[in-house]
Structure formats: C-alpha cells, structure tokens
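Please look through the sequence and the three-dimensional view below before reading on. The report that follows moves through the fold piece by piece.

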Amino acid sequence: QTPQTPATAQDRDEVIRISTEIVQTDVMVFDRSGKFIEGLRPEDFDLRVDGRPQRIEFFERIQAGSVDEDAQLRAARGGGVGTVRAASPKDAGKSLPLDRGRVIFFFVDDMHLSAGSAGRLHKMLMRFVDEEMGQNDQAAFASTTGQIGFLQQLTGDKVVLRAAVNRIRHRPYNVKDMETPAMTEAQALAIDQNNPSVIDWFVRQITRENPMISPELARNMVESRSRALLQQASYITGQTLRTLENLVRGTAQLSARKIVFFVSDGFHIDRRNSDTQHHLQRIADAASRAGAVIYSMDARGLSNDFSDASVKGQFDPEGQLVSTQFDTGASLQEPLRTLAAETGGRALLNTNALGSAVTRSLEETSRYYLLAWRPEDTRARDSKQRRLEVSVRGRPELNVMMRRGYFLTQPAAPSSERAERKKQRAEPEPKTPPADAELFEALRATYPRDSLPTSLALAYVNAGKDTMVLTAALEIDGDQLTYKDEGGTRGAIADLAGAVYDDRGKVVTTLRQELGVLPPLAEVASRQRVVQSYQFRLAPGLYQVRFAARDRGSKRLGSAMQWVEIPDPKKRSFSLSSIFVGERVPSEAPPAAADEGPDAALMRGVTMTADRRLARTSWLRFVTFIYNAANSPVPADVVLQVQVFRDDQPVLTTPLRKIETRDVPDIARIPYAAEIPLSTFPVGHYVLQVTAIDRAAKASASQRINFSVE
C-alpha cells in the first residue's frame with residue numbers, strides 16, 4: 001500500500017490514518033490436495049522481506065466478498081483494530097450485511113487471441129455470467145483494443161454483461177513478416193539472441209534464392225528483418241500491458257480484494273529491445289497497491305506448438321528450426337506465469353476446461369489471511385522491489401500463495417509513456433468553473449464516488465401510445481449535507497448533474513440542477529432521505545443513467561450509475577414494468593387488503609427509496625404493471641408469484657395467485673401492488689422477484705430488484 005496520510009475531508013469518515021507506513025499482503029495457504037488451511041495464527045507465519053524477518057503487526061483471517069473484509073482491510077491500513085468509523089453518527093453500531101459479493105474482472109488480450117481461442121472464450125464467459133455469478137457479485141469485461149466500448153464497466157447486471165461478451169471478436173494478429181522465407185516472431189527472437197542454427201538456416205535460404213547476395217549481406221538482411229518484426233511485436237505487447245496496468249491501478253478505488261483474469265494466447269518477452277519486463281513490474285506494483293490478484297489463462301488450451309507443411313517457407317529437413325518450435329509454447333506462457341506468480345495468483349495453462357478453471361479459482365480465492373507489517377526504513381523512497389517471502393513454520397509441505405514483492409514507490413513509467421503524458425498535459429483544457437469541473441468529473445468517473453452517499457433507482461412504465469417513460473429517482477443522504485443559515489432560512493444546497501447514455505456511450509440527454517434542502521426535523525429519528533425524481537422518454541434499447549451530487553457546503557461528492565433495458569412496446573409481448581419499491585414504517589396504517597390496485601390510498605404513508613435500504617421493523621411495498629395479457633376468447637387469466645432470494649437461495653415464495661381483472665379498465669395494463677413484512681428477515685442483501693404467467697397465452701414474464709434489510 002502507498003504511505004498513509006492524514007485524513008482529508010473526503011476520507012476522514014472511513015479510516016483514522018496514522019503517519020507510520022503499513023505494508024500488507026494477502027496470503028492463501030493450501031495443503032497438497034488444495035484444501036485451505038484454517039486456524040493459523042500470527043506466530044505460525046515466518047515473514048521475511050529481502051531475507052530479513054519482520055514482525056507481523058496485524059493479522060486476520062478474511063472471508064472474501066463480505067463487509068467484514070472492508071473493515072478488516074481498513075483496520076490493517078490504520079495499524080490496528082477499531083480504526084473504522086461509521087459514515088454517520090446515526091449509523092454507529094448498526095449491523096451490516098455480511099453478503100457483499102465478489103469483484104471480478106476479465107481482461108481479454110484480444111491482440112494476442114486466435115479465432116479458435118476467441119470462440120472458446122465466448123462460451124466460457126457466457127457460462128460464467130449465467131452460472132457462476134452470484135447474487136451480489138460484480139464483474140467487468142475489458143480488452144486491449146477497447147472493442148467492448150462503453151459496456152466495459154463493472155456491474156452486476158447480467159443483461160449488460162452478456163452484451164459485453166457478444167462484442168468480443170477475433171482481431172487478426174498484425175505482426176507479420178512479408179518477406180520469404182517467412183519468419184516467425186519466435187525465430188526473430190532467436191536471431192536477435194544470436195542463435196547460430198536459426199541464423200544459418202535463413203542465410204542459406206536467402207542465398208539459395210538469390211545467388212548474387214553474399215552470406216554477409218544475407219545475414220544483415222536476416223537481422224534487419226528480425227529487428228523490424230520484434231519492434232512490431234513490442235509495440236503491440238506494450239499496448240496490451242499498459243492497458244492492463246491502467247485497469248488494475250484503477251481498481252484501487254474499490255474496497256476489498258479484486259480477482260483479475262488475464263486471458264491471452266501468450267506473447268514473447270523481448271528483454272533486450274523492449275520494456276516488457278518493466279511493464280510486468282509495474283503491473284505487479286499496481287496489483288499490490290490495489291489489492292488485486294491476477295489469474296492468467298492460456299486461451300489456447302491444449303495446443304500443439306509445431307508448425308506443419310502449411311507454413312510457407314518452413315521446410316527444415318535438417319532440424320535447424322526445431323529449437324524454436326520446442327521453445328515457443330514455454331516462451332508464450334512465460335509472461336502468463338510471471339503475472340500470476342508476482343501477484344499471488346495462479347497461471348491456468350494447458351487445459352481446455354477454462355470454465356472449470358475459473359470456478360476453482362474463485363473458490364480458491366474466497367478465503368485468505370491478511371498480514372501487515374512496518375518496513376524497517378520508512379524514509380526509503382527508492383523504486384527497488386522488496387522481495388517478499390512467507391512460509392508456515394514447521395509445515396514445509398504446505399503451498400503458500402502470495403505476491404512475491406512490493407515497491408515503496410511506484411516504478412517509473414517508460415520514457416515513451418512519460419513523453420505521451422507530457423504531451424497530453426500540454427494540451428489546453430476547456431475552461432470550466434472549478435465546482436462544475438469536479439461535479440462533471442465525478443459524473444464521468446469509472447467508479448462511483450462515495451464521500452456523499454448517493455443512490456439511484458430506475459423504473460420504466462408504458463405510458464400508453466407505445467411510449468416508454470423511464471423514472472430516475474436520485475437519493476442523497478440528507479444527514480451528510482451541510483446546513484447553514486442564509487437570509488433567515490436554514491438549509492443546504494446540493495449541485496446535481498445527470499446524463500443518460502446509450503450502450504455505445506453516446507449522450508442521449510443531460511441535466512444540471514441546483515437543489516435546496518431543508519434541515520431534517522429534530523424529532524425524526526430515522527435518516528433523512530432527499531429524493532428527487534426525473535422522467536425521460538426513451539426509445540427501446542440498453543441505457544446507462546448517471547448522476548453526481550456535490551454538497552456545496554462541505555464540497556463532498558457522490559455519484560451513482562445504473563443500467564436499464566427498455567423493451568419495445570410495439571411488439572405487444574406479455575411483459576412486466578419495472579418494480580417500484582417503497583417502505584412503510586410502523587407508524588403508518590397497513591393497506592385495506594394484502595394486495596390491491598396501486599392507487600393513492602395504497603401508497604399513502606410510504607417512503608419511496610432509491611437506495612432500497614429498509615429497516616427490519618418496516619414493510620417493503622412494491623408496485624408493478626402487467627402488460628398485454630390475452631383477453632380473448634376468455635377473460636384474462638393471469639397468475640402471479642412473489643419470491644425473495646438471498647445468496648441465490650429462495651427465502652420466501654408465495655403461492656401462485658390469480659389477479660382479479662374484472663374492474664381493471666385496461667386489460668393491456670394491469671396494476672399489482674403488495675407488501676412484505678421484513679421483521680423475520682435477517683440483516684443482508686436480497687432480491688425481490690415478481691413473476692407473472694398468462695395461462696391463456698402460455699406466456700410468462702418476470703422482473704427482479706435488489707434491496708437490503710438493516
């Protein structure tokens with residue numbers, strides 16, 4: 001981790017910082033059968049840095065994907081337990097959900113990916129989305145070329161993830177030698193390393209085809225071709241590794257541990273003429289600072305590295321090129337092994353069961369030990385890598401997986417990259433007021449800002465005449481706003497900015513607003529919700545809505561983003577609207593019946609919520625609309641079922657209930673509302689699923705929405 005600094009206004013509510021630098025690493029310990037070893041204590045570990053033993057200052061066994069993980073990591077950074085502070089005095093002592101979920105990235109090296117590998121990868125990623133992703137997991141797919149585009153974002157929405165996978169296409173590898181006899185990248189690397197057999201083979205081929213060329217000139221031609229080929233390969237490899245580094249370094253904004261799967265056919269490391277080794281060091285440093293573990297995957301699976309008769313110009317009866325063919329597979333896999341080993345992950349090589357390998361990797365990383373220590377010389381600020389060794393005393397048979405080292409300061413960028421950054425800084429930036437610049441920067445940020453707790457909820461309805469209306473409810477935690485007396489009135493001001501993007505990242509609409517907020521009533525014990533709603537008329541398609549908020553008093557920023565898929569109403573298919581969620585508190589009277597039409601009486605006394613954090617003492621009330629039910633040759637015959645899931649397991653399932661439609665004025669738009677008492681639900685994250693079945697048309701539709709019980 002980077003040196004800790006005194007807390008700023010934005011992070012003082014998260015961690016109490018101390019001035020002494022703390023370095024931490026996560027460690028996984030397995031027996032020979034691959035079973036995680038439980039029950040280890042600090043004194044069981046031997047921790048060494050550059051061969052010198054270190055005292056373990058902080059030690060925890062952590063379950064990945066839990067809120068406890070956040071608290072334990074923050075405590076390690078602060079140097080002790082108890083350094084985590086609640087975001088608000090009203091939240092002090094509040095129990096937190098334990099089922100937060102995993103954060104998983106797939107980085108596709110599509111510049112080193114064959115057509116066959118791309119096909120296998122597509123199937124594997126679809127299987128991951130459909131079968132491996134848990135209820136609270138978030139994932140993102142990224143690539144070197146950026147062909148995934150705007151969908152290259154972290155999300156738990158499976159519709160978005162499937163669309164992202166469908167954008168991954170094979171990109172032909174552009175490193176080619178157009179001369180004859182053809183030269184491969186592995187052969188060029190051997191020539192650059194002065195391999196006499198390979199050089200002699202190419203010299204003989206050139207002089208045989210061109211008798212007027214001397215062997216010396218032919219050798220110069222061979223060496224020149226090899227350098228040109230390696231330059232092309234170095235540029236492409238550098239682009240891949242720079243993009244991966246940016247991804248990994250950016251994940252430092254996310255709390256807890258991240259798993260990054262690097263998927264590639266592999267590439268060669270040219271240590272003499274490229275910055276590849278330096279890039280690998282920078283990626284290892286980025287992973288260490290971000291708390292990320294890289295699992296590299298050879299997308300080729302079980303492959304045969306020998307060339308055949310189809311490779312033009314490679315006839316080699318004397319076997320002079322055999323050495324490069326033998327070495328090609330291992331050479332291509334070398335960077336995959338290095339990335340995994342340096343970051344504490346594993347290289348998944350020589351297997352066609354990539355999906356099963358991902359499953360095992362996610363299970364493997366679900367538990368780990370966190371060790372933290374103080375470096376001996378906190379004044380050192382060199383870029384030398386400190387080698388890290390961890391073992392279990394008296395247990396040499398155990399397999400300890402961890403990152404191999406760390407840097408006190410980030411390794412310098414290659415000279416070409418520094419020149420490009422300098423050029424970008426020299427370009428004039430558009431003149432924007434500082435406050436607006438901060439607000440729009442938060443709006444465009446890759447990950448949401450959380451200094452000012454901000455939530456967003458999206459729901460659409462068919463407003464008639466084939467018009468789909470999307471309602472965006474923005475919620476700000478009013479307890480976190482700064483209230484001041486101005487002009488005899490006490491209040492706070494929040495600056496808001498919002499935008500709607502299509503799935504290609506094109507802006508559909510934007511808004512900018514100044515919101516005045518009155519202070520919460522002193523007698524109100526519950527938290528203050530500041531909810532603002534906006535409506536957009538949108539054509540069918542996939543959209544992302546983003547909002548950013550800035551408290552003008554404290555300058556704290558918050559943002560939220562959410563995806564929504566708007567269906568095509570012209571298809572007249574049986575469907576449901578989004579689910580609108582509210583909270584009924586105990587002081588409000590219940591509805592007249594268990595379920596009834598969503599009129600004003602039903603929603604009276606219900607607090608609409610965007611963050612959908614509900615108290616156990618309250619009732620969840622929801623509303624949805626059933627569209628295009630068949631009404632001929634018999635009256636509409638629609639039944640509905642409500643389910644609640646936790647960790648993908650049902651905790652509530654109601655019987656199928658027929659919807660009464662005799663008094664519904666428009667059968668094409670049947671309303672339904674009900675409420676669920678939450679007193680029996682343990683604290684945690686849940687999914688509400690509503691399923692409607694049109695028995696006359698033999699059609700069904702469902703909608704899901706997340707909520708939390710606190």
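Which residue in S21 does Arg546 stand opposite? Arg546 stands opposite Met561 in S21. Before this pairing is set in its surroundings, a word on the source is needed. The model is predicted, and local features need pLDDT of at least 70, side-chain atom pairs count only at pLDDT 80 or more, and totals for chains, interfaces and linings use all residues. Residues are numbered from 1 along each chain as its sequence is written, while side-chain values use heavy atoms, with hydrogens and water left out.

**Overall picture**

The protein holds 12 helices and 32 strands, where helices (H or I, at least four residues) and strands (E, at least two) are DSSP runs numbered from the N terminus. Of its 710 residues, 51% count as buried, a word that stands for under 20% relative accessible area, with exposed meaning over 50% and partly exposed lying in between (1.4 Å probe, protein chains only). Contact means heavy atoms within 4.5 Å, and among contacts between residues at least 6 apart in sequence, 75% join residues at least 24 apart.

**Strands and sheets**

Strand S20 (residues 541-551) and S21 are antiparallel partners over 10 bridges, and two strands are said to pair if DSSP finds at least two bridges between them. In the hairpin of S20 and S21, five residues lie between the strands, and Lys555 takes a positive phi near 70° there. Strand S21 (residues 557-566) has seven of its 10 residues buried, so it is largely enclosed by the rest of the structure.

An open sheet of three strands has the order S14-S15-S19, with antiparallel pairing. Its edge strands, each of which pairs on one side only, are strand S14 (454-462) and strand S19 (529-537). From one strand to the next, the twist averages 20°. Strand S15 (residues 468-477) is joined to S19 by nine bridges, and Ala473 stands opposite Ser533 in S19.

Another open sheet contains four strands in the order S3-S2-S11-S13, and its pairing is antiparallel as well. Strand S3 (52-53) and strand S13 (405-407) are the edge strands here. Strand S2 (residues 45-49) pairs with S3 over two bridges, and the bridge partner of Arg48 in S3 is Pro53. As background, side chains in a regular strand alternate between the two faces of the sheet.

**Helices**

All eight residues of helix H4 (residues 185-192) are buried, so the helix is largely enclosed by the rest of the structure. One of these residues is Asp192, which counts as buried because its relative accessibility is 13%. Leaving aside neighbours within four places in sequence, Asp192 is in contact with Ser226, Arg227, Leu230, Asp270, Arg272 and Asn273. In the loop between helix H3 (158-165) and H4 lies Pro181, and the peptide bond that joins Thr180 and Pro181 is cis, with omega about -5°.

How do helix H2 and helix H9 cross, and at what angle? The axes of helix H2 (residues 115-132) and helix H9 (residues 354-364) come within 9 Å and cross at roughly 45°, where axes are lines fitted to C-alpha atoms, for helices over the stretch in contact, and angles run from 0 to 180 degrees between N-to-C directions. That angle makes H2 oblique to H9, because angles under 35 degrees count as roughly parallel, over 145 as roughly antiparallel, 65 to 115 as roughly perpendicular and the rest as oblique. Met124, Arg127, Phe128 and Glu132 in H2 meet residues of H9, among them Leu354 and Val358.

Gln281 is found in helix H7 (residues 276-290) and counts as partly exposed, at 31% relative accessibility. The C-alpha atoms of Gln281 and Tyr406, 125 residues apart along the chain, are separated by 9.5 Å.

**Residues with positive phi**

The table gathers residues whose phi is positive.

| Residue | Place | Phi |
|---|---|---|
| Asp50 | loop between S2 and S3 | near 55° |
| Arg572 | loop between S21 and strand S22 (575-576) | about 55° |
| Asn194 | follows H4 | near 65° |

Asp50 counts as partly exposed because its relative accessibility is 27%, and Arg572 also counts as partly exposed, at 48% relative accessibility.
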